[in-house]
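This briefing is meant for a reader who is meeting the structure for the first time. It goes through strands and then helix pairs, chain by chain.

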There are 2 protein chains.
Amino acid sequence: MLTARGLFGFAVKSPPLQGRGQVRALSASSYESLVDEVSTTRRLEQISALVHWDSMVTMPQTDNHHAARGLQSQALAGVIHERSTSPEIGKLIAAVDETTLKGKELANFRLMSKTYKESCAIPAELEKKKAQVSNDAYVSWTKAREASDFNMFSPLLNEAFSVAGEVAALRMDGEASVYDKMLDDFERGLPSARVGEIFDEVEAALPPLIERVLASQNAPDPRPLSGDFPLAAQEEFNKEIVAALGFKGRSDVSVHPFTTSFSPADVRITTRFDEKEWYQGLAGSVHEAGHGIYESNLDGDLTVDSPLSMGTHESQSLFWERHVGMSRAFVKFMGPRWRKAFGREESDEEIYRAINTVKRSLIRVEADELTYPLHVILRTRIERDVVNGKVAVEDIPRLWNEGMKEMLDVEVPEDSKGCLQDVHWSGLAIGYFPTYLLGAVAAAQLEHHARVELGNFDELIERGEFDKIQAWLRDKVHRHGSEPSSIDELFKEQLGEELKSSYFIKYLTDKYSRIYGL
Amino acid sequence: MLTARGLFGFAVKSPPLQGRGQVRALSASSYESLVDEVSTTRRLEQISALVHWDSMVTMPQTDNHHAARGLQSQALAGVIHERSTSPEIGKLIAAVDETTLKGKELANFRLMSKTYKESCAIPAELEKKKAQVSNDAYVSWTKAREASDFNMFSPLLNEAFSVAGEVAALRMDGEASVYDKMLDDFERGLPSARVGEIFDEVEAALPPLIERVLASQNAPDPRPLSGDFPLAAQEEFNKEIVAALGFKGRSDVSVHPFTTSFSPADVRITTRFDEKEWYQGLAGSVHEAGHGIYESNLDGDLTVDSPLSMGTHESQSLFWERHVGMSRAFVKFMGPRWRKAFGREESDEEIYRAINTVKRSLIRVEADELTYPLHVILRTRIERDVVNGKVAVEDIPRLWNEGMKEMLDVEVPEDSKGCLQDVHWSGLAIGYFPTYLLGAVAAAQLEHHARVELGNFDELIERGEFDKIQAWLRDKVHRHGSEPSSIDELFKEQLGEELKSSYFIKYLTDKYSRIYGL
């Protein structure tokens, strides 16, 4: 019996080797040699994403598997770090004459230089410490959350803020503050002052609206959401919907939904399902498909062909999840398929109202689109103030509970349902939270302009002609990758105006006033 | 909605970085530093195996996916090659005082040194040429096979033999000939003279036996093999059987069955199914599980903790496929489960006879265990004579067709069913074929000793107590990894005698004489 054993590789074609500097002819420009060198590292990063995907989706979930995988990921991370900071790259960068470059090449060169400079700014010892603290803080967070005791976490959270601050400070390049630099890592080029402006407007507008919504006697009936929804039927239904939206990659099941890209050709999403509630699974699929469509439409394989920022990324997932998927037009498209898939009888209008129910929640990831922004604003304010030294890590539970009371009028009964609910800070992802709301704000702004430019936005959705919407997003957002210096610059160039909160506030106000009959 | 986006890594714990030489304390010995350095490369190789598995099993099969994946594999292969031949390794090897090492450490050191020396022996240009020729020859082979025209393939096959010979010659280290070196790459430490001895005995014994078998009026009835076997039922049945044998890893579906190992903790097999015939799928699963069990039982994470040779590997897959899976005792174990899974009524004896049917075949991978050895002997003789300059590549079709007529009394109607049927030579895997038969010979020898030492071999199988058999194989074969210098040395140490053909010949003679009533 033939065994085409990949292990020994005889049935696998070995590709031509590509060592450093072996690929380009000797006459290649320094820019081209730099791109080659960086491309190899990019491909290793793509492989790293695959290794992670496998760990989450296909690898058996035992301690032994994770231990072996940990060593592998570590080896690859080491190689990637070494290549990203190699003196070879520095020499190639120094040899490039910037005046010979323009347009996308210039943007690509500047991004490579910035990345290199920032990577080299961190001494090896600090890099190791960062990884260590991140590891330890994560472990500490899981334990503290289980015990619902913030005090167990605060020593390592202090360290996490401290080492993240140290790293950011060393990498600063003209940003106004350490927190601005942290923000820049996730939301490139958007100063915290701009974030503050936008968030202040949202914070001023939403609480009164939420109060009126929750006081209304005309709340939707949530019953269409629950019942018996066999997993296989949900999986098939979601795949049908996601394919209709135009996402062409794999979708699998994992504990936490995520999107990953190994190249624009190979983008994969995951979902999770609940047998008693169908909508969270679908919303997750549509959300991830939105991320996936962005990754699929990036315009090439250069460093600059990467998503602009996390907020931009979130604007794409939320555009599809909310502005398409939670719209009345979409429910008209989906309704007949849904009734057939699950043998239910609720009308489109009943489904539409049910999926747009607003309620106060302690937990960010369970919050609806109307209350969600306040969860983000609270976290952003707290992390910014800790980084800026205005408050101490030890004050977090108090600030959290006061904020939740003030903004959402809920009492936090214990830390696990309050300041211990999110993983981000333990992973040194400080400056990440704001991107969720920036994405929401950007998505509403995109919807406004799509309506104006496409003319028949609702009809396209109702008829399932999502390709025209995707083409519009590709043109306005996806194909530009990281060429603009910020989402403000992208929007100014493509929509004629910077990111602004008014569309988001108007979208929520109009929509929920209608649904709740205000 | 939370998106735990692996892409940006915030939900993923970054492991502590492990750069070169950063791990061990300064006082670490050169040997320990060498092991660290080589381990990182081994882990990258494990990742490379994962990348390959994904390409075969989970990646969507489009040209775009394969193109992107090709660039990724190439980048990783480049890094692995660079690390494997780095002067750093050479310095560490030179600094080790061999007299301070013993046992497994010494074997590990010698294996690392040998691998390094051989890797460095190939100039970069030749390495590139090898990869290129392998690529081109593969493409040429697929086209020639489609057209069933050997002449289309012969120019590139000439190149393949030539570059493989050049590479082997540069890597020689005391082997008697270039072909001996090629063989050594797949069957470590076994000279072609030993292969010749064993193969001559098999070749003398089998043709007369085959003639008597095929002349018998008492051939099995093959009807239990065919019918309607729904894929889902087959998949479930095979998983149940493979789990009972003691293989604990994933099994998936792929076009060609294979086994791959990312570490002893994470070994995966694949199978393919035919709705009209259940046995090939099961035999494939059991075969791959045999490979998988070997990989799972390797005794650690060092270079020396790797399979000894391809023949040894094949002895494990064939032990389970043939000496367990095709035995009467196994059918007694499997029969009731099989009848239940597929709603059939044939008796154990009818199943046993059907799966042990002998027939002449043109195609190696379709051949039964009795005629298969002759397919291997023919290929071995041809490749050896080409390498030794006794015959020309252009003579292959004639030699092939004459050999098939002489040994198996079949006429080869066209090249696609003759000398173009196998992928191996196009991939420069010259010296690989003999390991199939060496594995078969070794498996029969292992069965003999297992029967003697375990006492109740058949009863263990019939009762499904495969763990005792696995433990015996682990003790005799698996745990030794690559510590012995050859399968001869392993068998001498563990079984008290070198590899010999007599058990294999006796096994086939006894078994088929009984089945065919000779």
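Strand 2 of chain B, made up of residues 259-263, is mostly covered, since five of its five residues are buried. This description rests on a predicted model, and the points below take up the strands of both chains before turning to the helices that pack against one another.

**Strands in chain B**
- Strand 2 of chain B pairs with strand 3 of chain B, residues 266-271, in the antiparallel sense, and four bridges hold the pairing.
- Between strand 2 of chain B and strand 3 of chain B there is a hairpin, which makes the connection through two residues.
- Within this pairing, Ser261(B) stands opposite Val267(B), which belongs to strand 3 of chain B.

**The sheet in chain A**
- In chain A, three strands form an open sheet with mixed pairing, and their order across the sheet is 1-3-2.
- Strand 1 (250-253) and strand 2 (259-263) of chain A each have a single partner strand and stand at the edges, so one side of each is left without a neighbour in the sheet.
- From one strand to the next, the twist averages 20°.
- Strand 1 of chain A runs parallel to strand 3 of chain A, residues 266-271, and the two are joined by four bridges; Val253(A) has Thr271(A) in strand 3 of chain A as its bridge partner.
- Helix 1 of chain A, residues 30-57, lies across strand 1, strand 2 and strand 3 of chain A, and runs at about 140° to strand 2 of chain A.

**A helix pair in chain A**
- Helix 11 (residues 310-324) and helix 16 (residues 434-454) of chain A have axes that come within 7 Å and cross at roughly 55°, and the two helices are therefore oblique to each other.
- The crossing in which helix 11 of chain A passes helix 16 of chain A is right-handed.
- Residues that meet here include Leu318(A) and Phe319(A) from helix 11 of chain A, and Leu438(A) and Ala442(A) from helix 16 of chain A; by class, the contact has 10 nonpolar, seven polar and three charged residues.

**A helix pair in chain B**
- The axes of helix 14 (residues 372-387) and helix 15 (residues 396-408) of chain B come within 10 Å and cross at roughly 150°, in a crossing that is right-handed.
- Helix 14 of chain B contributes Leu374(B), Leu378(B) and Ile382(B) to the contact, while the residues from helix 15 of chain B include Trp400(B) and Gly403(B).
- By class, the contact between helix 14 and helix 15 of chain B has nine nonpolar residues, one polar residue and no charged residues.

Terms used
Residues numbered from 1 in each chain as written. Chains lettered and ligands numbered in written order. Predicted model: local features only at pLDDT ≥ 70, side-chain atom pairs only at ≥ 80, totals over all residues. Pairing = 2+ DSSP bridges. Axes fitted to C-alpha atoms, helices over the stretch in contact; angles between N-to-C directions. Contact = placed C-beta atoms within 7 Å. Parallel < 35°, antiparallel > 145°, perpendicular 65-115°, else oblique. Left-handed = near helix turned anticlockwise from the far one by under 90°. Nonpolar A, V, L, I, M, F, W, Y, C, P; charged D, E, K, R; others polar. Buried ≥ 20, exposed ≤ 12 C-beta atoms within 10 Å, placed from the backbone.
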